[in-house]
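Please open the model in a viewer and keep the sequence panel visible. The tour below proceeds by selection, with a short account of what is found at each stop.

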Amino acid sequence: MPGYKNRLTAIGNVSQAPKVNYTQGGNPVCNFSMATNHSWTNKQTNERETLAQFFQCTAFDRLVPLTENLQVGQYIEIEGRVKTDSYHIKCKGCGEQIKQWKTEVILTNILYLTNKNENPGNERTGNQGNE
């Protein structure tokens, strides 16, 4: 059986400014979101259509300094593993517990495709190195 990997690579724009929090042990964690677009031509109308997909991203350890100063709109490439967790919330109307799902990308690498001022060519990478 082949060795499958949980790996996602996506190119898009930062859609939500980074926010740094700390674990109970004092380690920094940076969370932000990015958006990608998928475009196609509608065969019935012959018009161009676009669908945005948003990714919640989490960076740990040495990737935090590379992600904490990202700007909304900045063009980046991310690589990481997909992690899905579930949790329960109480329904306000009926009082029952409802299962919710959260999917995020745990970053292992980031590449700046443009700098904060949207000028191409200022590429920086950070490899988490835990693959």
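## First stop: the salt bridge

Select Lys83, which is partly exposed, with a relative accessible area of 32%. The structure in view is a predicted model. Add Asp85 to the selection: Asp85 and Lys83 form a salt bridge, and their closest N and O atoms lie 3.5 Å apart. Asp85 is partly exposed as well, at 34% relative accessible area. A search of the whole structure finds 1 salt bridge.

## The whole chain

Now return to the full chain and colour by secondary structure. The chain contains 1 helix and 6 strands, and along the sequence their order is β-β-β-α-β-β-β. Of the 131 residues in the chain, 31% are buried. Display of the surface shows an accessible area of about 9000 Å², with carbon and sulfur atoms contributing 46% of that area. Among contacts with a separation of 6 or more, 55% join residues 24 or more positions apart.

Next, colour by confidence. The average pLDDT of the chain is 87, and 87% of the residues score at least 70. Select residues 119-125, where pLDDT stays under 50; the model gives this stretch 16 contacts beyond four places in sequence. Residues 127-131 likewise have a pLDDT below 50, and this stretch has 17 contacts beyond near neighbours in sequence. Where pLDDT is low, the predicted coordinates should not be read in detail.

## Strand S2 and the loop after it

Select strand S2, residues 28-41, and within it Thr36. Is Thr36 buried or exposed? Thr36 is buried, because its relative accessible area is 13%. Extend the selection to its contacts: beyond residues up to four places away in sequence, Thr36 touches Ala10, Ile11 and Gly12, together with Leu51, Ala52, Gln53 and Phe55.

Move on to Asn46, in the loop between S2 and strand S3 (48-60). The phi of Asn46 is near 60 degrees, a positive value in a residue other than glycine. Most residues other than glycine have a negative phi. Asn46 is exposed, with 63% relative accessible area.

## The loop before the helix

Asp61 is the next selection, in the loop between S3 and helix H1 (64-67). Here too the backbone of a residue other than glycine has a positive phi, with Asp61 near 50 degrees. Asp61 is partly exposed, its relative accessible area being 47%.

## The cysteines

Show the cysteine side chains and select Cys57. How many disulfides does the structure hold? The structure holds 0 disulfides. A disulfide is a covalent bond between the sulfur atoms of two cysteines. For Cys57, the closest cysteine sulfur belongs to Cys30 and is 9.5 Å away, so the distance is too far for a bond. Cys57 counts as buried, at 1% relative accessibility.

Then select Cys91 and Cys94. The sulfur of Cys94 is the nearest cysteine sulfur to that of Cys91, at 3.0 Å, and Cys91 is in no disulfide; the cut-off for a disulfide is a pair of sulfur atoms within 2.5 Å. Cys91 is partly exposed, with a relative accessible area of 21%.

## Strand S5 and its surroundings

Select strand S5, residues 97-112, and centre the view on Thr103. Thr103 is partly exposed, at 44% relative accessible area. Which residues is Thr103 in contact with, leaving aside neighbours within four places in sequence? They are Gln56, Val82, Lys83 and Thr84; Lys83 is the residue of the salt bridge with Asp85 visited earlier. A C-alpha to C-alpha distance drawn from Thr103 to Cys57 reads 9.2 Å, for two residues 46 apart in sequence.

Within S5, also select Thr108. Thr108 is buried, with a relative accessible area of 9%. Glu79 is 29 residues from Thr108 along the chain, and their C-alpha atoms are separated by 5.7 Å.

## Last stop: a nonpolar surface patch

Finally, restore the surface and select Tyr87, Ile89 and Ile98. These residues form a nonpolar patch on the surface, with about 240 Å² of accessible area together. Within the patch, Tyr87 is located in strand S4 (residues 75-90). At 39% relative accessibility, Tyr87 is partly exposed.

Technical notes:
Residues numbered from 1 in each chain as written. Predicted model: local features only at pLDDT ≥ 70, side-chain atom pairs only at ≥ 80, totals over all residues. Heavy atoms only, no water. Buried < 20%, exposed > 50% of the residue type's maximum accessible area, 1.4 Å probe, protein only. Helix = DSSP H or I, 4+ residues; strand = E, 2+ residues; numbered from the N terminus. Contact = heavy atoms within 4.5 Å. Areas by Shrake-Rupley, 256 points an atom, 1.4 Å probe, with all protein chains shown as cover. Patch = residues over 30% accessible without salt bridge, like charges linked within 9 Å, V, L, I, M, F, W, Y side chains within 5 Å. Salt bridge = Lys/Arg side-chain N within 4 Å of Asp/Glu carboxyl O. pLDDT = per-residue confidence, 0-100.
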